[in-house]
Structure formats: structure tokens, C-alpha cells
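Got your viewer open? Here is a walk through one model, with something to select at each stop.

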Protein chains: 2
Amino acid sequence: MPVNAVGREIPETIAGKPVRPFQGAFATVPQGHRVGGPLKTTRPGAGKLAPSLEEAIRRSGLADGMTISFHHCFRDGDKLVLQVVDTCARLGIKDLRLFATALFPCHEPLVRHIQDGVLTRIEGSMNGPIGAYVSQGGKLKEPPVLRSHGGRWRAVACGEVKIDVAFIAASEADPYGNANGIHGPNACGPISFSVIDSWCADHVVVVTDNLVPYPAVPPTIEQGYVDQVAVVDQVGDPAGIVTGTLRVTRSPTELRIAKLAVDAVAAAGLIREGMSFQAGAGGTSLAAQEILARKMAEAGVHAAFAIGGTTKYLVAMLKEGLVRTILDGQAFDGEAVESLRTNPQHQPITPGFYADYNSLGCATYMLDFAFLGGTEVDLAFNVNVNTHSDGQLLHGIGGHQDVAAGARVTVITMPTLRGRVPMIRDQVTTVTTPGEVIDLVVTERGIAVNPRRPDLAEDLRRAGLPVRTLEEMKAAAERLVGKGKSPIFGDEIVGVIQWRDGTVIDVVRKVEDWA
Amino acid sequence: MPVNAVGREIPETIAGKPVRPFQGAFATVPQGHRVGGPLKTTRPGAGKLAPSLEEAIRRSGLADGMTISFHHCFRDGDKLVLQVVDTCARLGIKDLRLFATALFPCHEPLVRHIQDGVLTRIEGSMNGPIGAYVSQGGKLKEPPVLRSHGGRWRAVACGEVKIDVAFIAASEADPYGNANGIHGPNACGPISFSVIDSWCADHVVVVTDNLVPYPAVPPTIEQGYVDQVAVVDQVGDPAGIVTGTLRVTRSPTELRIAKLAVDAVAAAGLIREGMSFQAGAGGTSLAAQEILARKMAEAGVHAAFAIGGTTKYLVAMLKEGLVRTILDGQAFDGEAVESLRTNPQHQPITPGFYADYNSLGCATYMLDFAFLGGTEVDLAFNVNVNTHSDGQLLHGIGGHQDVAAGARVTVITMPTLRGRVPMIRDQVTTVTTPGEVIDLVVTERGIAVNPRRPDLAEDLRRAGLPVRTLEEMKAAAERLVGKGKSPIFGDEIVGVIQWRDGTVIDVVRKVEDWA
């Protein structure tokens, strides 16, 4: 079996389709043109309001074997995916490909529809139970394909994935299809993930629980691309966008990691006037951001921009003037949504703007540094964010690949141990992001510098920071807990991990046994 | 020669290309898919700043026979078109097709480049001297093609016009190509005319006189579509966006027309809560808008939205709450630009959103009523905005067709005489907009109601308004000045007038003599 550029065996075809193996972070030169949706027209006075979601589905022409798409901007509060798939099941539609940007624990009831053959394929991130379920093998007709935020935009824009019917949840929409996620009682933040779906799908249905008179502004989704508007009781619960620990960590280990991470970028000279950064929404990242804010204020410097996933912590930096502009692809709390409504320097962006490989440049390419997490890292600096060390496919890629590929200094923050499982491995269980785009790995035991960046090693040593090799930190962790068990994989592929350019960087195989 | 649905003889081919004759305002059913630009990629750190506009042109690969595009958002203050074409001439590039949205009197020096063969084809509106020049015949290799705002967007999006190199003037841009027209010392308003150019052109050059640090927000033009950024001394003079009489008229005739126009829409029941309208920026339209504002305030009603071309008069209505939202495709003064910067209910829109025939609905389709001008109207209610009665091609279409096709009540306001020339003709010199989408013609002598709208005639009579036939008003005018001379046309076609769907509604022929 051919081996790709990170040493993973990748079959030549998967589900009968040819596979392009990963050949390096920037090896692919795209060919051809962007695709567009079908040309349609309408007359003044023609209405779009469907009497019900069920009727909208009927009128869409959705049939067996087709592909339906969704955004995940309500995260664990989404209520649209299930309503649509339940209705499809009731209508007897089957063999669907579910092309959601991401699934969350709230989507567990989809298992039933997989069992019944309503859903036979999934492309998109699976955070939690659906991932765990498909990890068991034999559940889907084709292995699920996981893409980064930028990778999904690219796949639609270049025609790799054709969407038959796009369903777009909106917290505000007008009867002509203009829709956004920043107004209304259930505002969830920008719904710009679905912009490319609206441009390219054969049929587009906006679904809202808050129909307002024309025109709904801003029209994140534009009327000209929308076939139908359907009203339901609730498209999503904004409480669900606050997932995980959206709070600055109090764990001494994580606080130490956060502090080391900020010290590292300071040592690299990146805390300076006009700087730029992305920090995630996990507890360690938020702690790092708080430390960073203090350091910036002390130094009297301002960031030209920061990229969200946005939380109240980043909004506070915007309000204080520490950050001049937020480029925001996703809101993680109500304060972020409120800021999007009112502050013109809080700029919503699409995943294309954020991260498209097939573009003349994206926002992540302009980042000075980024703090990213991971479930595992290996001695080649490859990072896994998709599977746990038990081989279960439990997380999506998010923007991990996109940010790591773009930022001048990509900092992975993670503890060397979670419970009694060591996080630095000889080889990661799954390669999500290749070591070539990772610069620093910061743990509670020190900072490992990728040998590709001797400049950074020099900076960090000069600043007296604890530079360690991954091997050293791995050994220290293993002295406490041993190597940990490793799964033994069978042949069945239960997940395909695309690199952001559409090549396959790894596959997830079914766990057969333990060693 | 075949005759189209408004009775005009249209050749089967023009310049060797097959012509689709106009068959009715909504007869065309588009086929196929929207097109996209070439897929490209880049790496972090790759720069886009060209050392000069000349070098940007060299690097763009622009060559003989190609098509270059521009927006007209600086209107008569534009300084980019000439800089680019002058440079092309200096570089020895010739036989170019100029695909500007519109040309103005400031572009008169282009005549030299037409004479020298640098420009051999023009598609776009020609307001003033260039139109007058090409009207003489024999100047261009192919007759110019004029499209409405919506028609131009459609033509690019469906692949009818392929742009080789798009030049996009921006009053603010960053080195990565994000660009807008609402910030900077020479802010001109939304530059959204060029959004479709950026999506579809083979090569995109943003040209600015105000380079700012990354990121320029809002990114009306997005980095991912931009190949190069070039800096020049001045892209345009915002004083030039204020063209024509951007002042409420004081002419008693025009004031009477304005008052009658508002009385007419009032009689039709259209001054009511949640109403919507578009009024132009001419003196009569502005007067009508002022009268309308007073009537709305008296009635205690609010407009859901109004569409601009936006002036300070419309901005005042937004500030006073008489208008809840402005959908703005073009700014006509500094107050409009300032409002775009600060008021989230002042929403910039693209020509696609505004007016695309090949879409599932555009903003003009949601209009209750619109006040539009015209140079002539005929007994079939056909309106001419392109030529004068002397046959000279002197004006673009703008949004005339798009608005007339969309609004429930389209009101043409015009005097029956201009100088000693009667404006109501047996047949208009050129059909820009077909009578089937015109509802009322308001002159100083009364209001003519299209026989297709007996409901409106009834409303107006009931309100005691002076309903007259076009024949009556025509006869009254001709009693004063006679019929006026008419040009005798030869065979040479000096202009092609497209309907917004891409069919040909009329051609402009060279004037050979006078009758």
C-alpha cells in the first residue's frame, strides 16, 4: 500500500474513488475553475415560504442517494439536523449523505437513522457519540471523510462535494431568504459556513424560527441563492454554542502550560505593535490569552487583528483597544454575538476567507502565532486532534490544519499526561496536522522546538525558557505511567482524514485488539 | 430582419456572434451553471504588492485582444481607467476590450486610445463624450454592448463576458488585497460592482491610493480573489461622485411632476406602514423623495427599506426613522459614505443582490414603487434612457431596467418638453425598458396609466388626479413645438442595448440624415 508524506499507508482507492495521498503541506497545485450552482430565475411576487419543513423537503426534490448539508453554528444546541433527518425518514427518503460541517453530542439520535439506512454516508466532523458509533466499523456504506473548515469550503467550491439540498439554520430570516445568525432570540453568531453551500447547492432551504419582514440584514445568506424558506419552532438553542470549558483554566498544570506558551511567543519577539494571533476557546488557550493581554498592556502594544472562534475574553481585548480587529468565523458565547451586531471592527468572515487552500491567500496565512491543542503529538511533531489514543474517532479538525499551516509560529499546548495516558507518542494514532507546520509543543515539562526552527530554539534558550526535546518529555511521562496500551488496528477504514488541500493525510482504521 | 417583442429589427448576428432577441421581460429561462474563476493557491508569506501599476499590468499577463474591467464608483471622478489604458498604450498592448461598468465625461481622453487601436471594443455604459464619439460610427471593431447593473453582473456570472484582468479601484486596501470604498481620504462608497469581477476574472489587481495594514475591513473585495495590489497617487476624486443636479429641483415644472408622482403612489395606497421604494438622484426624484418624506411623517408610517443610489436626503430619512433600512449599491455623496461606515441598517449590496435576473430574486423585486427618469417615452410606454432624440448614445442604463422590472408600480417622471423637443414620441428612438414593465408616466400635464393597470387608473381617478393618455399629452406638447425632427438611421450598428436577461431589446444605428 502506498505511503504518504507523513509515512501513513493510504489505499489507492476508498469506496471505489481514487485517493490522492498527502504529499506535503503546500504540494498541491489546483487545476480547473471554481464551480457555481445552477442558473435559475424567478418573477417578482413569487413566494418562497414553504408551509412546513416537511413540505419544503418534498418541494426540494430530495431523493434517495442525495447529499444534504448543514452548518454547525449552534454547535451542541443544534436542532435542525435532527428535524430534517427525522422528516426524511418519515418521508421514506433513504441512503442520504450527511454533509454537515460538524456533529455534536446532541446529534446522537442520528444513530437510529444510520441503523435504518436513512443515512449511509457522512462527511464532516463528528464530535462525540456519532464518531464513537462509526468507529465500531460496519456502520456506513462509505467511510466518513473529515475536513478542516478551509478544506470543506474548498471541497464545495471546486466541485469535490456536490450538495443536492442545503439546509441553513438562521436565527433571523425574511420571507425572501435573506438570513443571518446574529439577530433574533436564538442568535448563534455568523452562519457563514453555509455561504458556500448557498452558492453551490442545487437547492437551498433557509430554516428559521424568527421570520422578520424583508429585508433581514445583514444578509449573510443572500436571497438570490435561496429556493425556499421554512419556519420551525426552534432551529437551535444558543446555550449550546458554549461547549467545553469556556472558562479560564484553574488547573496548575494548564496554567503553567499557558504561561510557557506566552513566554515562548514573547521570546520569539512576537508580542509587538501590529501583532496578530489566534487562540482557541479551551481553558488553556483562554488562560494564555489572558496572560497575553496582560503582557500586551504592559508592553503598550496592540494587535492588528486576532481571529476567533470568539469569546467574551477576545471581545474584551477589542473593547480595550488591545486588538484592533477581530476576524470572526464562529461565535462561542453571547458576548461575541452582541459584539458582531454592534462593532464594525468585529468583522464576520467565511471559512473561505479564513482558510481556503484554493485561494490567493487566507487570514490564517497572516497570523504571527497561534495556540492550538491536540490529543497527541509524536516525535515527528505530527499532531492528532481526531482520535483518542484508544483509536476512537471523537473530534473534528476544525481550523487546526488551516491555522497550523498559516501561522508563522504554531504552538501546540497540551499536557504530557491525560489521566494515566501519555500524550507524546512514538507515532500519533492519527495524523491530523503534519509536523512540518508545527513549530513548538508546550507541555508542563517544557517547550519542544521543531528542528526546522533553529531560530526559535535560539530565541527560547536566550530567554532562559525550558527547551526540551519531545523525547525527553516523553520519557519523563512514561517513567510515571509506562507507555500505555496501544490499539491494534484491523483493515476496515472508519474515517478518512483529509489534509486541507483535499489529499488524504491519514485514515482511521477499526480497532480490533489492544497491545 | 427578425423583429423582437418590442417591434425592433434585430439582426441574427452582431459582430459574428448570434443574438437572442428580446421576447418579453421574463421570457428567458437560464440554462447551465454559474461560472467561477480559476483555482489558484499561494503560500504564507507570498507577497502581492506590485512595485507599480505598470509592473502589475506586466505581471498580470495582459496581452493584445484581452478584456479589462473596472467599476465606476468614482463616477466622474475616476482616475483609474485612464491610468491603466494609458499604461497599456505605453506598453504596446492593443486591441483591448474595455469592460467598465460605466464611463463618464472624465474619460474623454480614451478617444485617443480608440483612434490608436488600444481599445477596439467597449462593453458598458457610456455617459457623455465616449458615447457621442462612438455614435459617429466606424470607431470600434464591434458595436458597444450596454447592460443594466443587474445585466452586467449576470453576464459575468454566467460566462457571457470573460474578464482577463480586473482592475479594482479602492479607497482603502491592505497588502493582501482586501479592499473597500468606504474608508480613506478618497472614499467613494461601496465598490461592490467589482465583486463579481473578482470572483470570475482570470487575474485581479486591486489598485489603491491608501494602503493600510492588514486587515482592511470590511473586505468588500476579498484577499482570496486578488492576485496583486498596486499603489498609485490617486484612484479617484470623490468630488466626482456628485454628478448632475444632486439638489432638490426648484423648477416649477419638475416640482409639479414630483408632487404628482407622490400623489399617484399615495392614491395607489402605497404610502403605508412597511412600504418600500427607490428614488433616483436627479432633481425631480429628490423633490419627490422630499414630498414623500413629509407625507410619510404626516401619515405616521415607516418604510421597511429603500434602495439607493444613496444621497444625504435618503440618509436623513434613515436617521429620522422614516426608513428602517437602506440597501445601497452606490453612494452619491459623502453623507451616504459616512452612513455606510457607521449605521448597520445602511446595508451595502452588490448588483447581484440588487438586480440579477439569473437569481432566485433580487431587491428590486421587493419594491412597492420606484421613481425613474427617461429621455423619451412612446405610446406603448416603452422608455428610452440611452439616446437623445437626435440618436446620440449618451447615457447608460444603470438600474432602470432592473427597477422597472421589479417594482409593483414603476413611475416614469419626465417633462413633455425639453427645450423645444417633445419627449413623448410615436416610437422612442431607442427602447431601453419595455412598456410592459412601466405603470405610470407622470409629466407636468398629467399622469398616463399603462392600460395593463386598470386598477391604478381607477385608484388615481378616485383620488381626483389628472389622468391623461400619452396621446393627449403628446398632442398638447406638439401643439406648442411641432413634432420635432427625427434622425434617419443608416445600417451601421453603433450600440447594442441588452435587456437584463441578455437578450437584445434594441440596437442603436448610426444617424445618416434628418427628417
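The tour goes from the interface to salt bridges, then to two helices and a single threonine. Keep in mind throughout that this is a predicted model.

**Stop 1: where the chains meet**

Colour chain A and chain B separately and select the residues in contact between them. You should pick up 57 residues from chain A and 57 residues from chain B. Together the chains bury about 5100 Å², with carbon and sulfur atoms giving 62% of that area. Now show A:Arg34, A:Leu39 and A:Leu360 as sticks: in chain A these lose the most area to chain B, together 18% of what that side buries.

What holds across the interface in the way of polar contacts and salt bridges? There are 20 residue pairs in polar contact, counting those with both residues at pLDDT 80 or more, while the salt-bridge rule finds zero pairs between chain A and chain B.

Stay on the chain A side and bring up its secondary structure. Strand 3 (33-38), helix 6 (195-200), strand 16 (303-310) and helix 12 (400-406) of chain A are the elements that each give two or more residues to the surface touching chain B. Strand 3 of chain A gives the most, with six residues. Colour that side by class and you get 29 nonpolar, 20 polar and eight charged residues.

**Stop 2: salt bridges inside the chains**

The whole structure holds 68 salt bridges over all chains. Try a few of them.

Select A:Lys483 and A:Asp426, whose side chains form a salt bridge at 2.6 Å, N to O. The two residues are 57 apart in the chain: A:Lys483 is in the loop between helix 14 (470-481) and strand 28 (487-498) of chain A, and A:Asp426 is in the loop between strand 25 (424-425) and strand 26 of chain A. Buried or exposed, or something in between? A:Lys483 is partly exposed at 46% relative accessible area, and A:Asp426 is partly exposed too, at 43%.

Next, go into helix 14 of chain A and select A:Lys474 and A:Glu478. Their closest N and O atoms are 3.1 Å apart in a salt bridge. Because they sit four residues apart in helix 14 of chain A, about one helical turn separates them. The general geometry is worth recalling here: an α-helix has 3.6 residues a turn, so residues three or four places apart point the same way. Switch on the surface for this pair: A:Lys474 is buried at 9% relative accessible area, and A:Glu478 is buried at 17%.

Jump to chain B for B:Asp368 and B:Arg272, a salt bridge with its closest N and O atoms 3.2 Å apart. B:Asp368 is in the loop between helix 11 (351-355) and strand 19 (369-372) of chain B, and B:Arg272 is in the loop between helix 7 (252-267) and strand 15 (275-279) of chain B, so the pair ties together parts 96 residues apart in sequence. B:Asp368 counts as buried at 6% relative accessibility, whereas B:Arg272 counts as partly exposed at 32%.

Back in chain A, select A:Glu54, A:Glu55, A:Arg58, A:Arg59 and A:Arg90: salt bridges with shared partners join them into one network.

**Stop 3: two helices**

Select residues 252-267 of chain A. This is helix 7, with 16 residues and a first-to-last C-alpha reach of 22 Å, close to the 22 Å expected. Its buried residues include A:Ile257, A:Leu260 and A:Val265. Among the elements covering the buried residues are helix 8 (283-299), strand 19 (369-372) and helix 13 (454-462) of chain A. After the helix comes A:Gly269, with a positive phi near 80 degrees.

Then select helix 8 (residues 283-299) of chain B: 17 residues, reaching 24 Å. Among its buried residues are B:Leu286, B:Ile291 and B:Met296. The buried residues pack against helix 7, strand 15, strand 16 (303-310), helix 9 (312-319), strand 19 and strand 22 (409-413) of chain B. Just after this helix, B:Gly300 has a positive phi of about 65 degrees.

**Stop 4: one threonine**

Finish at B:Thr101, in the loop between strand 5 (96-100) and strand 6 (102-103) of chain B. B:Thr101 counts as buried at 8% relative accessibility. Which side chain does B:Thr101 join in a polar contact of 2.6 Å? Show B:His72 and you have the partner. Other residues that B:Thr101 touches include B:Phe70, B:Ser125, B:Arg152 and B:Phe193.

Methods:
Residues are numbered from 1 along each chain as its sequence is written. Chains are lettered from A and ligands numbered from 1 in the order in which they are written. This is a predicted model: local features need pLDDT of at least 70, side-chain atom pairs count only at pLDDT 80 or more; totals for chains, interfaces and linings use all residues. Side-chain values use heavy atoms; hydrogens and water are left out. Buried means under 20% relative accessible area, exposed over 50%, partly exposed in between (1.4 Å probe, protein chains only). A polar contact is a pair of N or O atoms within 3.5 Å; within protein, one must be able to donate a hydrogen and the other to accept it, and residues adjacent in sequence count only if both atoms are side-chain atoms. Contact means heavy atoms within 4.5 Å. The expected span of a helix is 1.5 Å times one less than its number of residues. Buried area is the accessible area (1.4 Å probe) that two parts lose on being put together, summed over both. A salt bridge is a side-chain nitrogen of Lys or Arg within 4 Å of a carboxyl oxygen of Asp or Glu. Ala, Val, Leu, Ile, Met, Phe, Trp, Tyr, Cys and Pro count as nonpolar, Asp, Glu, Lys and Arg as charged, and the others, Gly among them, as polar.
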